[in-house]
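User: Take a close look at one part of this model for me: the place where the two domains of a chain meet. Then set that part in the context of the other contacts.

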Amino acid sequence: MIINHPLLGPRDASEFTYLGDAALIDRPDWQAENAADAFYEYGYLRDNPSGEHQELWYHEAGDRSWLVVTRNTLTHEISKVELARDVARARGRSK
Amino acid sequence: MHDLVAITALGGTEPRVDTIAGVTCTEVPGVALASVAARLGEEANCVKALGDLIEAPTPEVGQWAGATISAFWSGPDQWMVEAPFESHEDLPGQTKAAMAGTASVTEQTDGWARFDLSGDNISSVLELLCQLDLRKISAGSADRCSIHHIGCFVLCRTPEHFSIYGPRSSAGSLHHAIVTAMRSAL
Amino acid sequence: MRYSGFRVIKEALTGHKGWKPVWREPEPKAHYDIVVIGGGGHGLATAHYLSKVYGQRNVAVVEKGWIGGGNVGRNTTIVRSNYMLDGNEPFYEFSMKLWEGLEQDLNYNAMMSQRGIINLFHTDGQRDAYTRRGNAMILNGADAELLDAEQVRKEHPYLNFDDARFPIKGGLVQRRAGTARHDAVAWGFARSADLHGVDIIQNCEVSGLRIENGKCLGVETTKGFIGANKVGCAVAGSSSRVMGMAGMRLPIESHVLQAFVSEGLKPVLPSVITFGAGHFYVSQSDKGGLVFGGDIDGYNTYAQRGNLPVVEDVCEGGMALMPMIGRARLLRMWGGVMDMSMDGSPIIDRTPVEGLYFNGGWCYGGFKATPASGHCFAHLLAKDEPHPVATAYRLDRFQTGRMIDEKGVGNQPNLH
Amino acid sequence: MTQTNRLEGGQIDRNTSLSFRFDGRSYTAHSGDTLASALLANDVRLIGRSFKYHRPRGLLTAGSEEPNGMVELRTGARKEPNTRATTIEMFDGLEAYSQNRWPSLKFDALAVNDMFSNFLSAGFYYKTFMWPAAFWEKLYEPIIRRAAGLGSLSMEADPDEYDKGFRHCDLLIIGAGPAGLMAALTAGRAGADVILADEDFALGGRLNSETFAVGDHSASEWAAQAVAELSSMPNVRLMPRTTVIGAFDHGIYGAVERTGDHLPSLPAGKPRQILWRIYTQKALLCAGATERPIAFENNDRPGIMMASALRTYANRFAVTASQRVAIFTNNDDGHRTAADLHAKGVRIAAVVDVREDAPSSYDYEVLKGAQVTNTKGRHGLSFVEVSLPDGSARTLDCGALGVSGGWNPNVHLTCHQRGRPVWNEAMAAFVPGADLPVCMSVAGAANGILSTHGALQSGAEGAAKALDLTGALPDLPEAEDAPIAQTPFWYVQGCKRAWVDQQNDVTVKDVKLSYQEGFRSVEHLKRYTTLGMATDQGKTSNITGLAIMAEVAGKSIPEVGTTIFRPPYTPVPIATFAGRMKGQEFHPTRLTPSHYWSKERGAVFVEVGNWLRAQWFPLPGETHWRESVDREVRQTRASVGVCDCTTLGKIDVQGTDAAAFLNRIYANGFAKLAVGKTRYGLMLREDGMVMDDGTAARMAEDHFVVTTTTANAVSVYRHMEFVRQCLYPDMDVQLISTTEAWAQYAVAGPNSRKLLQKIIDPEFDISNEAFPFMACGNVTVCGGLRARLFRISFSGELAYEIAVPSRYGDALMRRLMAKGEEYGVIPYGTEALGVMRVEKGHAAGNELNGTTTALNLGLGKMVSKKKDSIGSVLSEREALVEPDVLRLVGIKPLKPEDKITAGGHLMNTDGPVDAAHDQGYVTSAVYSPILNSNIGLGLVKNGAERLGEKMRLVSPLTDLTVEVELVSAHFVDPEGERLRA
C-alpha cells in the first residue's frame, strides 16, 4: 500500500507502524462518573467496519508523525490522510 | 584537552573507504550533529534562528541547506544540524545558544554513522537499497528511508555525491548493505 | 452411505455409479430449533455435535456462499494443543482428543497426521517461557518435550545451525500435534451433520437478525426469514458485521493473514516447525507442498488478500531458518480474514440478546480448535451453559479484567 | 546422431554449439534454444512423469504455462526441482534430470498406479484408510507422501545471492508482444517514464513465433526493430527475463528479474535473481493469451502438444517434435500451424477439424467434422484414432499431434485484487472484468483481441489512454487482422480417461464424479479433484474443467462460477523473496561502544534483540561459564565492576511541559522531581499492565533523560510520540532518541566512587554528600570530555552510570580498566547483571511479560491515584485486584544446591500436582554466589502474604521437583544500605 503523507507525499506503507481505530485519540476523562466503563469501551470495543475506516499509522521509518488515514477496509482505497496532531486538536484535545 | 582516542563507527582509527567500478563509499566520522525541535508556539522564531545559524533559508520538508553549518529537515518542525567535527565538536552548545530558547536542542553527533557515495551511476546502487523515487531526488534532497531494515537519512549533495546517515550501532550492517549493493549493481 | 475401502473397490468395479452427493441441497424450513449462521468449519462442527452428541435434529446451517469457503479452506492446517494459560490449554487439549478420533467419528478421512510440532527458541527468556508453557501442557494432561540444540539438530539437521543470526537454542515439542486436510474437515462435518438431519443451506446470506423485546426470533436471509428458538453465530472474520446487526460492538478487529504453498516436493520436513526469531511456520502437505505462513499484514481489512512486505518478511524468516528451501518455488499465496480479538483468545458465550449466541475471535488459531469449538458451542446452544473447558471464553472478560493473553501484548489485536 | 528434428530458419544462433546433459546423456544445442526446444531437436519426447498415475509425459507447451515438461535443473546445492524445460534458457554445460520417477524415467515402478487408476478416483482417500485408525499414520500416509511430490530439494543451503530493488515509473507495460511493444513505442515517444517487462529472454511475444508480416518485415524482424528503437530511449527501461508476478495495492507491482539463470555460473557478487517492487502510476497488461487444449481419450502422451507450441518450436527454434505431425483443432489457428510446419518440410498426417465447414488445403488432408477418439504409443505418440462424420474410423501415423481448442486471454493479474473476469459468449472465453486493480488497463489478446492488428492498435490506444496523451497515435504497421472465431469444443464425447489437468492427473471422469458427489461449485471442484492446483495453477486446465462441470450441471459456465488466479503469476523461488536478509544478514546487528574491546578480552556475546552484548568475560583457566559469572558477581560486590549498558533506550524529553508529560506517561509522579535528581519510573499500558520501567533524570527544569529497557526502547518511544501527538497535542514537549549517541557504562561496587574519582575531572565533587544516591548531572572526564553521570544502581551496590559520546566509549572502557587495576576492576556481562538483579529482586524481562500489573510485581503503591496517567483506570478492574492475584516473591530451595527452574510451577507441599492446583510459576532462576544458593523470583497467588511458606516447585517437562520456601524477593541488602553508602 502507499500512504500519501501530508508532508512527504506518497510513501510505502511498510515504512509505517499500524495502531488501529482513530477512536483511540478520544481518551476518556479519568475522573468521569463512568470512567471505568468508558475506559473499557475505549480500550476494547471497536466498530471494525467493512468499508471506510479512520485509523492511526505511525511513520516509524520516516518523520515519526502519527497519521489519521481514512481507508476502505474492503478495497484498501485511501481517501484521506491527516496529521493525527491536527485531528486530535480538532477533536478538542489539548494538554 | 582530554586524552581519549575516538574510534570510527566501524571500529577503526581511520575511516573506511571502498571503491567499486568508479563508485566510492567513504566512512565520514568528521561530522558533528545536533537535533533542533521547535518549541510549541515558537515555530516561526525557530525557523528564523536556524536560518541565521546556517546562513541560508531553513530547509523545507525533505530538503537540506547551508554551507559550513548546514541543516536538513527530519520531521515536522524538526531539523538536524551538521557541521565539521574538528571545528564544531560543541555544535550542540553553539546551536542551543543560536536557537535562543525557540527550540529544544539535543546532541546527536555520535548517534549516527555517515557513509558518502561518490561517482557516476549511484542511482543503480540506491535502487537496490531503498524505496526512494530517485526521479524526484536532486541536489538539496534529504529523505528518511529504510535500508535493509535500518532507518536512514539519504542526502543528495549532487547527483554524483550522496550522504547516507544510519544509526551508529548498525554501522557495520549498513556498510555491508551498501558495499554488496555496489558489487551487485556496478 | 458408509465409506470404506471395500466400498471404494466395489464402486471402482462398477464404474463409480453408486456415489451419492455428500450432502443434500435442501430449501430452508420456516422454523428451526437452532439456526447456526456460518457454514465454515466451526459452524458445521457445531451442527455435527448438536445433532450427533446433543440430539438436536431440527437444526439448520445457513451459509452465504459455499460451505468450507472461509478460513477452514484457507489456512495452514496445523493442529496442536500447546498453550500456556489455564483458560486455553484444557480447551485445546479437548480439541486435540477430538481430532484423534475424528476420522472414526465422521466416517471421513480428514487425514489427521500427528507429525508433531516444534517451537524453536533462540534466547534464554524464550526458553523460560516455553518451559513454563510445556509444564502447563503436561499439568493439563497434554504431552510436551523440551529439546536442546543438539537434540533439535538430530531431528532437523537441515536447519541453519552454522550461520544463524539468532542461533537455535532448543525447542518445545508436542509429538501429538500435526496437520489435517482442511477442506476434508469441513466436508466431513457437513456430511455427518447432513446424515443426522441437519439442513445445510448454501448461498443463503443473513441480511438481518429479527430481534423483538430483547429476544432473537430468527434470521432474515436472501432466502427469506428463517425462524429459530436459538441462533448461533459462527462467522469468524465477519463477526463484527453479523453481530452489528444486533447492535453489538465486539472486542474484535478483522485482519488478513496470508498463507503460502510451494510447488510439490519429495518429503523434506518431518514435522511442523515454528521459528522463534522471525515470523515463519511451516509444514509439508501430503501432496508435497510446503505450507507456510507468518504474521498478519497488521491493518484492519476485509479483503482476502495481502501485500508484498509480509510475503518478504515470511520468506526472510524461512531462509534464515532453513536456507535449503531457497530454490523451492512459492506457488500460490492467499489471504484469510481473521477475527483478531483483544487478548488473542476466542469467545464462546451468550450475548445480551436472549436466544443469540456468539462464537468468534479465533484470531489465527481457529483451525485447530474446530472440533472443540463446535462441541462447546453445541453444548452452550443445547444446554444454555458453557462447556466446562470453555468457561473462560466470556464476552465480558475484558470488562472484569480476566483476559487470556498468551502473548502478553494487551489490547492491540494486530500484535496477537 | 544429433538434432535430427532441427529445421531450417528460426531465431537461434547456429554458429554457437552448446552441449548439455539430460538424465546423464549428452546432447548439443544452439544459443537461443530453451531446454525444451533442444530436447525436441534431439528427438527426446519423454521428459517426465505425472503426479498421481506416473504416466509418461512430454512437453505440452512452449511457455511458462507448461504443466508436464518439468525437470531438476543443475546439480548439488544448486539443484532446482520442478523447473519448466520450456523456460530454461540453454547454456553450455547445462545439466538436467527427469523427476518423480524411480528407478528410471522409462521404467517407473509407480506407473502401476495407472493400472489401479480406477480405484484412485478423485477424493478416494477421503473415503478409506480409516481402519484400523493407527494404520493411517504408520502405513498409508507414509506411502502416499513418498509417492507424492514432484522434484526433490538438495537439502543444502542455497549458495546463490538474491537482491531486492525498487523502481518507479509512469507506465508499467506487462508483456512485450505486439500490444506491449506498440504501447511502449507510443508512451516512450511521448516522453513518459516506461518500464516494459517480459518473462521471455527475447522480447516480441507471439511475434517471434509467427511467419506473417508486420509492415514490410517479418513479425520477428519488426519486433527486433521496435526493441532497438525502445532501447535507444533514455526514458524507457526494457526488462527482459522479468516476470511481473503480482498486482498489489495502490499501483505496486512485484516483478522477478532472472539475472543469472541463463549463465553457467554467477559472476562474483552478482545476484541470481532480483525481486523488484515497481511503483507505477499506470499499468497496461499486455500478457497475451494461452491456447487451450481439447480433452480426448489418452490425450496426455508425449508428442501431444498445443498446436501453437508446435508452431513456436518450428518458427522460433527451428525444431519439430516429429517428422510426421497431425493437428486436432476446432478453429483456424490449428490450420496456421499445419501450414507453417508444412512449409518447413514437416509431413502433415492430416488436420482433424471438428467443424463440418473447416477450410480446405492443397498441401495436406483436412478431415472435416472429425474428432480424435484415442491415441497409442507407450513412451510417446505413435498414432491417433479418428472418427469421421460418417461414423467410420481412421488411424493416423504421427509422432506428434498439435491440439488447438482456441485461446484464453491471460487475465491472471486482473484477478489479483479480487477482480473477477467475465464470460464473453462471442469468443467463448473469460475476459478481464470491470473491477481491475487500480490504475490497470488491459490491451491485446489479454483483453480478448485476437488479431495482430488489433493487438497493435489496442496497445497504442491503451498507452495513450493511460497517460492521457493528446494528439495522433503513431502509425500502425500493416498486420494480419483475422480475429480467430471461437466456437467452444471442450472434449470429445464418450471419453473417460481424457486429461483436463495433466500434471495433477484430473480427467473428465473425475470432474463428472465431483458433480455426482455434490462438489459442484468451482471452488469445491478445484478442492475435491485438485484441478488447477498444480504448479501451472491451471493455466491450461481451469476453463476446460469449468466447462465440463457446466455441461454436466446443465448450467452456463458463468453460473458454475469463474476461477480467479492468485499471485504469483508463475512460481518464484522462496530465496528471491528473502533477498539479502538471510544468514547473518537476516537482521541488522547492533554493536555496543565497547564491542571491539570486549572481543579483545575474549567476551562471549549474546543476542539481545538486534544487539550483541557481552554475556560474560571468561579468564584463562575458567572452563565453565558459571565460574566466570560467579567471579564477576563476587568481584563486583566485593570491589568494582563495569558493564556496558548503552543498549538501554535513552530518550531526550524537553519542553516546558516535559514534567507534566512524564506525569501522564509514568504511573508514579514526576512533577516534583528536583533538577539534578533521578527517579525510578513505572510505565503502564492503557490496559493497566506494566509496559516498561526505567529511570528519568531531570537535567534541567525543562529537560529529562528517560531510560527504557533494551527490549522496549522502540515501542516506548512510539508510545510516547502517540501520547504527545494524539492525546496531548498542545503540550510543549519534544522527544528524540539518544540511545546511540552516548556510550553508557554501569560502574558498580563499593570501590566504584574511588574509581570514578580517578576519571572524572577534579572540579566535580562526587562524594556521597555532594552527589548522593539518585543524583545526576553533567561532568567532564579525562581532562575535559563532556560526560553525564547518574548515581543509579541495578546491582544494589554503590553504583553509577557514566555516559560519554559513543566514539570515546572504547577509550573510556580501556581507561576504566587501567585506572581500576588497583581495585581489581573487572568487566561484567549480562549474566552477572542478571544474577545481581535477581539477588536484589528487581523485576526484568521475565517478570515484565505483558500480563503483570504493578500490583503483581509488588509495586502497586507506585500507581498514583491523585493524577491522570496512562493505564491507571483499567488497572483497577476487579480481577486485577482480587486478593489472590499473583504477587512477586523470592524463591529459595530448602537445600541450597537444589537447582530451580524458570518456568517451573509452584504447588502446595501436599495435595495433587495438576493445573487445577497451580499456585504460580518461577519467572527467573539463578545461582547466587553471594548466598551460595540457587535462588529465584516467582509469581505466586497471594504470594506477598505467604512468605515463609514451603512449596513444591515442579517441572515435569524437565523431570524436576524441588522443595522450596517463599521468601522476600530482596535477597541481598534488603534495606538498601549499600547503594546509599
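Analyst: In this predicted model, nine residues of domain 1 of chain B are in contact with nine residues of domain 2 of chain B. On the domain 1 side, strand 9 (142-147) and strand 10 (150-158) of chain B each supply at least two residues. By class, that side of domain 1 of chain B has four nonpolar, three polar and two charged residues. Domain 1 of chain B is made of two segments, 17-29 and 111-185. Domain 2 of chain B takes residues 32-110. The C-alpha centres of the two domains of chain B lie 23 Å apart.

Chain B also touches another chain. Here 10 residues of chain B are in contact with nine residues of chain A. The chain A side divides into three nonpolar, two polar and four charged residues.

Next, the contact between chains C and D. Chain D brings 91 residues and chain C brings 85. Several elements of chain D each supply at least two residues of the side that touches chain C. The strands are strand 6 (80-84), strand 14 (252-257) and strand 31 (572-573) of chain D. The helices are helix 3 (133-147), helix 9 (508-516), helix 10 (522-529) and helix 13 (574-578) of chain D. The largest share, six residues, comes from helix 3 of chain D. By class, the side of chain D that touches chain C has 37 nonpolar, 30 polar and 24 charged residues.

Strand pairing also crosses this contact. Strand 16 (residues 329-341) of chain C and strand 31 of chain D run antiparallel, joined by two bridges. Within that pairing, C:Leu330 stands opposite D:Val572.

Helix 9 of chain D deserves its own look. Of its nine residues, seven are buried, and the helix is mostly covered. The buried residues are D:Val508, D:Lys509, D:Asp510, D:Val511, D:Leu513, D:Ser514 and D:Tyr515. They pack against strand 29 (499-501), strand 30 (506-507), helix 10 and helix 11 (542-553) of chain D. Helix 10 of chain D thus appears twice: in this packing and on the side of chain D that touches chain C. Just after helix 9 of chain D, D:Gly518 takes a positive phi of about 95°.

D:Gly76 offers an exposed position in chain D. D:Gly76 sits in the loop between strand 5 (70-73) and strand 6 of chain D. Why does D:Gly76 count as exposed? Because 9 other C-beta atoms lie within 10 Å, and the cut-off for exposed is 12 or fewer. D:Ser104 follows 28 residues along the chain, and the C-alpha atoms of D:Gly76 and D:Ser104 are separated by 19 Å.

Finally, chain C as a whole. Chain C has 11 helices and 18 strands. Its radius of gyration is 21 Å, close to the 22 Å that the globule rule gives for 416 residues, so chain C is as compact as a globular protein of that length. The C-alpha trace of chain C spans about 65 × 65 × 40 Å along its principal axes. Buried residues make up 68% of the 416 residues in chain C. Among contacts in chain C with a separation of 6 or more, 75% join residues 24 or more positions apart.

Technical notes. Residues are numbered from 1 along each chain as its sequence is written. Chains are lettered from A and ligands numbered from 1 in the order in which they are written. This is a predicted model: local features need pLDDT of at least 70, side-chain atom pairs count only at pLDDT 80 or more; totals for chains, interfaces and linings use all residues. Two residues are in contact if their C-beta atoms, placed from the backbone, lie within 7 Å. Helices (H or I, at least four residues) and strands (E, at least two) are DSSP runs, numbered from the N terminus. Ala, Val, Leu, Ile, Met, Phe, Trp, Tyr, Cys and Pro count as nonpolar, Asp, Glu, Lys and Arg as charged, and the others, Gly among them, as polar. Two strands pair if DSSP finds at least two bridges between them. The radius of gyration is taken over C-alpha atoms; the globule rule is 2.2 Å times the number of residues to the power 0.38. A residue is buried if 20 or more other C-beta atoms lie within 10 Å of its own, exposed if 12 or fewer, and partly exposed in between; C-beta atoms are placed from the backbone. Domain bounds come from an automatic or database domain assignment.
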